[in-house]
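Please open the structure in your viewer and keep the selection tool to hand. The tour proceeds stop by stop, stating at each what to select and what is found there.

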Amino acid sequence: MTAPVVPGARPAASLADRFSALGREQRVELLRRLVAAGRVRDVPAVVPPRDPGRPVRLSPAQQDLWAYEALYPGTPALNLCSAYHFTGPVDPAHVEAAFTRLQEHHDILRTRVTQAPDGTLHVDFPGAGPFELEHDDLRGTGTSVHRAFDAFRRRPFELDGGRLVRARLVRVDDRRTTLMLSVHHVIADWWSFDVLQNEFAEAYLAFRDGTPHRVGRPAVQYADFSAWQDDLEEAGVFGERLAFWRRYLADLPAPLVPVGHGTAAGAPRGDRDGIVHIGFDLDARDAAAVRALARRSGTTVYGVLMAAFAVLAHRVTGAEDMVLGTPVANRSAKGLDRVVGYVMNAVPTRWRVRPDSSFTDLLAGFAADFPELVANADLPVGRIVAATAPERSLGRSPLFQWVFMHLTQQPSVSVVREFAEPERIHTGGEHDLVGVVKDDGDAMIGSFEVRADTFAPEAVARWAECYVRLVREVAADPARRVGDIDIVPPELRERLLGLASGGEAGTEPLALPALVARRAAETPDAPALDLGGQVLSYAGLAGRVDLLAGELARHGAGPGRVVALLRGRGTDWPVTALAVQRTGAACLPLDPDHPAERLRRTLADVAPVLLVADEAPGTAVSGPVPVLVPGDGSGSGPAFDGPQPPPSAPAYLIHTSGSTGVPKGVVVPHTGLSALAASLVEGLGLGPGDRVLQLGPPTFDISVADLCMAFGAGATLVLPPPGPLVGEDLGRELLVRRVTALMTTPSVLATVPAGDYPRLRSVAVGAEECPQELVERWAVDGRRMVNVYGPTEATVAVTLSPPLAAGDRTGPPLGRPLRGAGVRLLDERLRPVPRAPGASCTSRVRWPTATCTGPASPRNASPPTPTARTAPGCTAPAMSPGRTTTAPCASWGATTTR
């Protein structure tokens, strides 16, 4: 059932028997002397008979489960369930007699726990009597056996005085019968379940065939074990165990939570308990290689599989120090092998895995540690949790979130299959991922049981494929360094590369002025730009753009040139930007609030042919660059009648923040804007009737997204009043201006007061981590909310999430690549990996981006050089937050996020 039992050196049997024969006070005193002498390891591996004069108490482990049940009353997670599908005739009397025999042999099956008014728990065992077998008949009801079993396994037990085991015999049809069994975890563990299964099979066959019973009542009962636990605690043995665990778990690492694998809206949620079972196989050849490695290493098959699981956890999460759980049988004491009850324990195992670690070293270190872990494993994990005080989260295991177990061949299964096919059901729990590998003849079968509210099942399915590949690789060459192992199998690699692409752009590449001109030809009277006191139609906007473009051209604007815009949000700067681009020039937005020295340096570096400003900044800023102030007779001459700029022409030159050094200008062509517009329109569900608030300042590339959203949908771009717009002012603007769509940063959105914004139906957030609390506030009342991500170098955005859902505790994902974009998750060696954190390499198909850091025109700009800046801290199925750097692994504008 669990990790191998490593009993260590056991005292001679006669010594154990003599120890058991001592009175309780004598045993406790002897235990105290062993503790004082530092000889806790010499505690006899025996369970003495309990003093019948003392009341029976819940064991410490049972008390932990009682507390869990109190936190989650009626939870099916503590129901251990199995079904037995009979294909031949079944006499209910034989089944009932077999269970009656079981409860005569194992007192704990008759356990009743009652709680006194003062909170004291009392345990007793009422007389045996016949077992009460439940009956059901599904014939003619239309109910499937699976549905009936689902309802059966979910029925809660009444811990306070109720029976803690139930069985139901269900007539499925004229040929089939199913026996359903449910046992509360407080009186059994999975080892116990095998004991029950084996003894039930023996008793049933004996009653059915009229043969003698071969199995009798075990000498050791669970009440003896519980009393022995009390003795160990009173004598200070548990205190010594606790001291070991405090040392072993000192400086606990953070919880093992891989970022970027939360379920997106619409992702499968598994069964009704939110548990998804993802299966995988290790064929006979793989299993033989694992067994051979275990023999060569002087360890166990479990040790090899567990170490491989730790390596997978390291590669999936990036954690180099982690705690993984593993069940330990705790059955080394004499007589415990047949005891039914909650004896096993889930113990923490500490792993320190670095990329330069060899698998051989990891395996040897675990093999050296494991005997001591097992020697201290009888201390209930609840005590360990209380002593180490890890960070707690309701509904999740506080000490370890990932668990692994190896199950050897179960003889009871072979016995049961003589008359029925067993089916064991996992009913969920507090662990995020449980890895199970079972021996199956010469081969092995495995599964990852995951909480669908924590991980996207499709992502974990890829982890399962990687685990199989990893096991094969380490079995073939265990001396390899962990970081050198390529865990992605070739077939998965191909699928990952397919997922990495957003597909062809699917739209005709158009410059933004050409997109506006097309809208003007198709819907000339549709509102295009709401200036507050004036609304321009698409025809009016196109005409104004052409007039201003003519004036700009007369001032030198044209292909291969740059025109700077020193205009703030709230002005009609979009008209100016479109007019600059209409001439074939690139637009360089500047922030009037930036320091004069930064403005001067930027103008000197780029050397634009013209500066368009709301007011003349003075030569100390503009230098030799000519200045044009809109309204000073601009746009009064002939309209520009030249051709629309080609899609490959630069659209704008925007500077990075400079947070890691000198700001770098990024030249972005028109090529990607039409695909960006189509992706945003589709992702946000925009149409001609929408009103998009132009909230981002011109120097922030979200402002480009605003234009793409509005003009791409044939919608109206709403210009706000000048000045900052946050908090109540922004909320009022949303209402008064009847805004239906908005893109902004999470920090700005968080300032907007909670309230009713009935017209706002589409919200996009980006550039920062989006907390789930914000989703809870805004993804309501049918409103579509999405998360976008992309570095400046890649035309505003490269990924867009599905609609975000309230109630998803995993946090907003970054989503999938946009049209014409590619996103590849790479490791440090630029190999595709199925997880985060890693390096996400993003590229735009045929969308070359250049950078310029000195006097240059777009035609002379160079490919991006390696830079570094902080990227958003969002989570995503295929990428993670962290450092963004350019990388030569895709095309110009490729970035990696670490």
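## Stop 1: a pair within one helix

Select E104, which is partly exposed, with a relative accessible area of 37%. The model is a predicted one. Add R101 to the selection: R101 forms a salt bridge with E104, and the closest N and O atoms are 3.8 Å apart. Both residues belong to helix 4 (residues 92-105), where they are three residues apart and therefore separated by about one helical turn. R101 also counts as partly exposed, at 21% relative accessibility. The cut-off for burial is under 20%.

## Stop 2: R139 and D137

Move next to R139 and D137, whose side chains meet in a salt bridge at 2.7 Å, N to O. R139 is partly exposed, with a relative accessible area of 37%. D137 falls in the partly exposed class as well, at 34% relative accessibility.

## Stop 3: a link between two strands

Now select R350 and D321. A salt bridge joins their side chains, at 2.8 Å from N to O. This pair links distant parts of the chain: R350 lies in strand 9 (residues 345-352) and D321 in strand 8 (residues 321-328), 29 residues apart. Is R350 buried or exposed? At 7% relative accessibility, R350 counts as buried, whereas D321 is partly exposed at 24%.

## Stop 4: a network

Select R24, R27, E29, R32, R33, D231 and E234 together. Salt bridges that share partners join R24, R27, E29, R32, R33, D231 and E234 into one network. For the structure as a whole, a search finds 44 salt bridges.

## Stop 5: R737 and its surroundings

Finish at R737, located in the loop between helix 23 (727-736) and strand 24 (741-744). With a relative accessible area of 11%, R737 is buried. Which side chains does the side chain of R737 meet in polar contacts? One is the side chain of D530, at 3.3 Å; another is that of E733, at 2.7 Å.

To display the wider surroundings, leave aside the neighbours of R737 within four places in sequence. R737 is then in contact with D530, L531 and G532, with R691, and with V718, L719, P720 and P721. D530 thus appears twice at this stop, as a polar partner of the R737 side chain and among the contacts of R737 beyond its sequence neighbours.

Notes. Residues numbered from 1 in each chain as written. Predicted model: local features only at pLDDT ≥ 70, side-chain atom pairs only at ≥ 80, totals over all residues. Heavy atoms only, no water. Helix = DSSP H or I, 4+ residues; strand = E, 2+ residues; numbered from the N terminus. Buried < 20%, exposed > 50% of the residue type's maximum accessible area, 1.4 Å probe, protein only. Polar contact = N/O pair within 3.5 Å; in protein donor to acceptor, adjacent residues only side chain to side chain. Contact = heavy atoms within 4.5 Å. Salt bridge = Lys/Arg side-chain N within 4 Å of Asp/Glu carboxyl O.
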